[in-house]
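Hi everyone, thanks for making time for this. I'd like to walk you through a structure that may be new to you, one piece at a time.

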Amino acid sequence: MKKGAVRSDYLDWLAQALEVGRGIAPLPDGDVVVGYATGYDAADIAPFVLSLRAVFDGPVALVVDADPDLRAFLAQNDVTTVDAPVWRGWAPHPVMQRFVAFAGLLGDRPGAALACDVRDVIFQAAPFSPAPEGLEAFVEAEAPLADHAFNMKYLRALFGEGIAASLADKPCLCVGTILGPRAEVSRLSRLILSLAATPRSEFGGAFGADQAGFNMAIHQGLVGASIRPNYGRVATLGLTPGDALTFADGKVINPDGSLSPIVHQHDRHPHLDAPVHALWGGGLEHRKRVRPKSAGQKLEKLKASLRRRTPELR
């Protein structure tokens, strides 16, 4: 290591990731939907794919594993499959890896993009109607960031107590659904990757760093974006009381009786999850959102926890 150089697993990975991103061919011009779906099979993502294809016929690309049954299912539904990158050495959580793919697939091309979660998202109407005029960030819950311990934990870890405190009264924004002009979503993806380079690697690469980087970028004005309320174009339901939500006539109904084109985190509510899967599951197995972890997965989680508590040379 050269004198004065900073040693960080995340920084080493980021240099590699930027190189990989430059090699990803952008999707054709026009409105597109992209997602990162490693670790899932067809049963996991059928509701996303089948509900999307009922309302949108444009390009869709998902980063997936080399599962032949999954890839056959996606081919049947005209979804482009993208190979997950194979990294040299340490790699961050997939929630951070995905921004490499998003930036590359979107490129600086005309059209709008939706970059979103996959397993817990369904569609009830055309996602790009009305057409976005700029980058849109969606509120996750009415309570401010100060009331969300998970988000505050990673804001402190990445940016320090002072910046976290300065954002505490801001609305909690959800990184699981980002919509806007392709070039702007691509730029935001690269910015989130860069913002996560400031802490130790085990925080920059952790599940939760994506939320912190996203809220930091929007609330500090590092990118221009309009903050949209919940239950508009997107309904994010994880923190919504279940008794305020209903399923009727094949649709998830918001607390105010409205319908949102994009529904996120419906699977947190069993009374929504079951009928949604019955409608859009394609006859495949209905999977539980949280599955038992293997001994190997538990060991990896413990190792990651220990690394977060061990000083990293900088």
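Let's begin at arginine 233, which sits in the loop between S8 and strand S9 (234-236). Please keep in mind as we go that this is a predicted model. Is arginine 233 buried or exposed? Its relative accessibility is 12%, and because buried means under 20%, arginine 233 counts as buried.

What does the side chain of arginine 233 meet there? One partner is a backbone atom: the oxygen of proline 130 lies 2.8 Å from a polar atom of the arginine 233 side chain. Another is a side chain, since glutamate 136 and arginine 233 are joined by a polar contact of 2.9 Å. If we leave aside neighbours within four places in sequence, the contacts of arginine 233 include Pro127, Phe128, Ser129, Pro130, Ala131 and Pro132. Further along the chain, Phe138, Leu179, Ser260, Pro261 and Ile262 are also among them.

Glutamate 136 is a handy stepping stone, so let's follow it into the strands. Which residue in S8 stands opposite glutamate 136? That is serine 226. S6 and S8 pair in the parallel sense, over three bridges. On the pairing of strand S6 (residues 136-144) with strand S7 (residues 171-181), we find six bridges in the antiparallel sense. Within that pairing, valine 139 has leucine 173 in S7 as its bridge partner.

Now let's step back to the whole sheet. Seven strands make up an open sheet, in the order S3-S2-S1-S4-S7-S6-S8, and the pairing is mixed. Which strands are at the edges? They are strand S3 (80-83) and strand S8 (226-228), each of which pairs on one side only. On average, neighbouring strands of this sheet are turned by 30° against each other, with direction ignored. In the order I just read out, S1 and S4 stand side by side. Strand S1 (residues 32-36) and strand S4 (residues 112-116) run parallel and are joined by four bridges. Valine 34, for example, has alanine 115 in S4 as its bridge partner.

Over at the edge strand S3 we find threonine 81. With 28% relative accessibility, threonine 81 counts as partly exposed. Apart from neighbours within four places in sequence, threonine 81 is in contact with Leu62, Val64, Arg71 and Leu74. Take Val64 from that list: the C-alpha atoms of threonine 81 and valine 64 are 6.5 Å apart, while the two residues are 17 apart along the chain.

Next, the charged pairs. Side chains of opposite charge can pair when their charged atoms come close. How many salt bridges are there here? The count comes to 14, and I'll show you three of them.

The first on my list joins aspartate 44 to arginine 287, with 3.5 Å between the closest N and O atoms. This pair links distant parts of the chain: aspartate 44 is in helix H2 (residues 42-53), and arginine 287 is in the loop between helix H10 (270-280) and helix H11 (295-308), 243 residues away. Aspartate 44 counts as buried at 6% relative accessibility, whereas arginine 287, at 23%, counts as partly exposed.

Next up are arginine 119 and aspartate 267, whose side chains meet at 2.3 Å, N to O. Here arginine 119 belongs to the loop between S4 and strand S5 (121-123), and aspartate 267 to the loop between strand S12 (262-264) and H10, so the pair links parts of the chain 148 residues apart. At 11% relative accessibility, aspartate 267 counts as buried.

The last of my three is arginine 268 with aspartate 120, at 2.8 Å between the closest N and O atoms. Arginine 268 lies in the loop between S12 and H10 and aspartate 120 in the loop between S4 and S5, so this pair ties together parts 148 residues apart in sequence. Arginine 268 counts as partly exposed, at 28% relative accessibility, while aspartate 120 counts as buried, at 3%. There is also a network: Asp41, Asp44, Glu285 and Arg287 are joined by salt bridges that share partners.

Finally, the overall picture. The protein has 11 helices and 12 strands. Of its 314 residues, 50% count as buried. It exposes about 14200 Å², and carbon and sulfur atoms supply 55% of that. Among contacts between residues at least 6 apart in sequence, 80% join residues at least 24 apart.

Methods. Residues numbered from 1 in each chain as written. Predicted model: local features only at pLDDT ≥ 70, side-chain atom pairs only at ≥ 80, totals over all residues. Heavy atoms only, no water. Pairing = 2+ DSSP bridges. Helix = DSSP H or I, 4+ residues; strand = E, 2+ residues; numbered from the N terminus. Axes fitted to C-alpha atoms, helices over the stretch in contact; angles between N-to-C directions. Buried < 20%, exposed > 50% of the residue type's maximum accessible area, 1.4 Å probe, protein only. Contact = heavy atoms within 4.5 Å. Areas by Shrake-Rupley, 256 points an atom, 1.4 Å probe, with all protein chains shown as cover. Salt bridge = Lys/Arg side-chain N within 4 Å of Asp/Glu carboxyl O. Polar contact = N/O pair within 3.5 Å; in protein donor to acceptor, adjacent residues only side chain to side chain.
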